[in-house]
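User: Could you take a close look at one buried spot in this model and then walk me outward from there? I'd enjoy a connected account rather than a list.

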Amino acid sequence: MSEQRGPLPRRYARYYLEQTPSLVWLLVVNAVAMLVGVRYYVETMPEVSTFLWPLYADSPAALFLMTLSVATLLPFLGKSLDEVPLTVPLAYLHTIALVWLVKMGLWTVVALNIGFDAYFPAPWAYFGIIVTHLGFVAEGLLVPHYARTTKGALVTALVLALGNDVLDYGFGYHPPLRYDPGLVLPLATVALSVLSVVIAWQLLPMERPMQKAA
């Protein structure tokens, strides 16, 4: 796994993922960001079934998945990323984490600009949220440096993403907005689900099938 993976230079991935201080710092930042994100949903959470919270709080869920994905590297601190073992279950976790992170990062930019007049020019409600969510996409660029994917993982990620879209807009569990999403935002969200899976497919190396012994 020593070759270049995506647009992020491998030396940056090594810096953040191979050293204890930087990896722990990344996990802490994600945990804090999750708490900040959950606060955005707190007022409306009582109206949603507890079992649906992970699907309702989309951005915190994306950060949680990414935190789990990065946490799988903790047993290998001090070792090269090239030595991190690759398994099919981890391929599913890393793939879904990347898809959710990219989707929610891009979705926030799209959603706030569709409802531009309701958010602009508030320093945090517009600029702050957009910048922090673009950080989701930037963090996602770390994933290809330690992960692989499979066809099954990509299909599963697509089914889950589209299923979440149905829940969000078919049943009204989309993140709180300052405007009626109408038809434009649901269509854009479905497109982002597909786009995010395509991005994962392009960035993540495909896990090679086990070769049968002769």
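Analyst: Happy to! Let's begin with serine 196, which touches Val99, Val102 and Lys103 once residues up to four places away in sequence are set aside. This is a predicted model, so please read everything below in that light. Serine 196 sits in helix α9. Its relative accessible area is 0%, and because buried means under 20%, serine 196 counts as buried.

Staying with the end of the chain, serine 193 makes a useful link to another helix. Its C-alpha atom lies 9.9 Å from that of glycine 163, although 30 residues separate the two along the chain. Glycine 163 belongs to helix α8. Unlike a buried residue, glycine 163 is partly exposed, because its relative accessibility of 38% falls between the 20% and 50% limits.

Now for the interior. The largest nonpolar core holds 46 residues, and Leu17, Val70 and Tyr146 have the most contacts inside it. Two or more residues each come from α1 (10-18), α2, α4, α5, α7 (123-140), α8 (151-170) and α9 (184-203). Helix α5 gives the largest share, 11 residues. Valine 70 offers a good view of this packing: leaving out residues up to four places away in sequence, it touches Leu17, Leu23, Leu26, Leu27 and Tyr146. There is also a second, separate core of five residues, among them Tyr41, Met45, Tyr56 and Ala57.

Let's move to the surface. Val24, Val28, Val32, Val36, Leu74 and Trp124 make a nonpolar patch of about 520 Å². Helix α2 (residues 20-41) supplies the largest share of this patch, four residues. Leucine 74, another member of the patch, is found in the loop between α4 (58-71) and α5 (88-114). With a relative accessible area of 35%, leucine 74 is partly exposed.

Finally, a comparison with the record. The unreviewed UniProt entry lists residues 21-41, 61-78, 90-112, 124-143, 152-171 and 183-204 under "transmembrane region". In the model, residues 21-41 are 100% helix and 0% strand, with the end C-alpha atoms 31 Å apart. For residues 152-171 the values are 95% helix and 0% strand, and the end C-alpha atoms are 27 Å apart.

Terms used:
Residues numbered from 1 in each chain as written. Predicted model: local features only at pLDDT ≥ 70, side-chain atom pairs only at ≥ 80, totals over all residues. Heavy atoms only, no water. Patch = residues over 30% accessible without salt bridge, like charges linked within 9 Å, V, L, I, M, F, W, Y side chains within 5 Å. Areas by Shrake-Rupley, 256 points an atom, 1.4 Å probe, with all protein chains shown as cover. Salt bridge = Lys/Arg side-chain N within 4 Å of Asp/Glu carboxyl O. Buried < 20%, exposed > 50% of the residue type's maximum accessible area, 1.4 Å probe, protein only. Core = buried A, V, L, I, M, F, W, Y, C linked by side-chain atoms within 4.5 Å. Contact = heavy atoms within 4.5 Å. UniProt positions renumbered as here; feature names shortened; annotations may be inferred.
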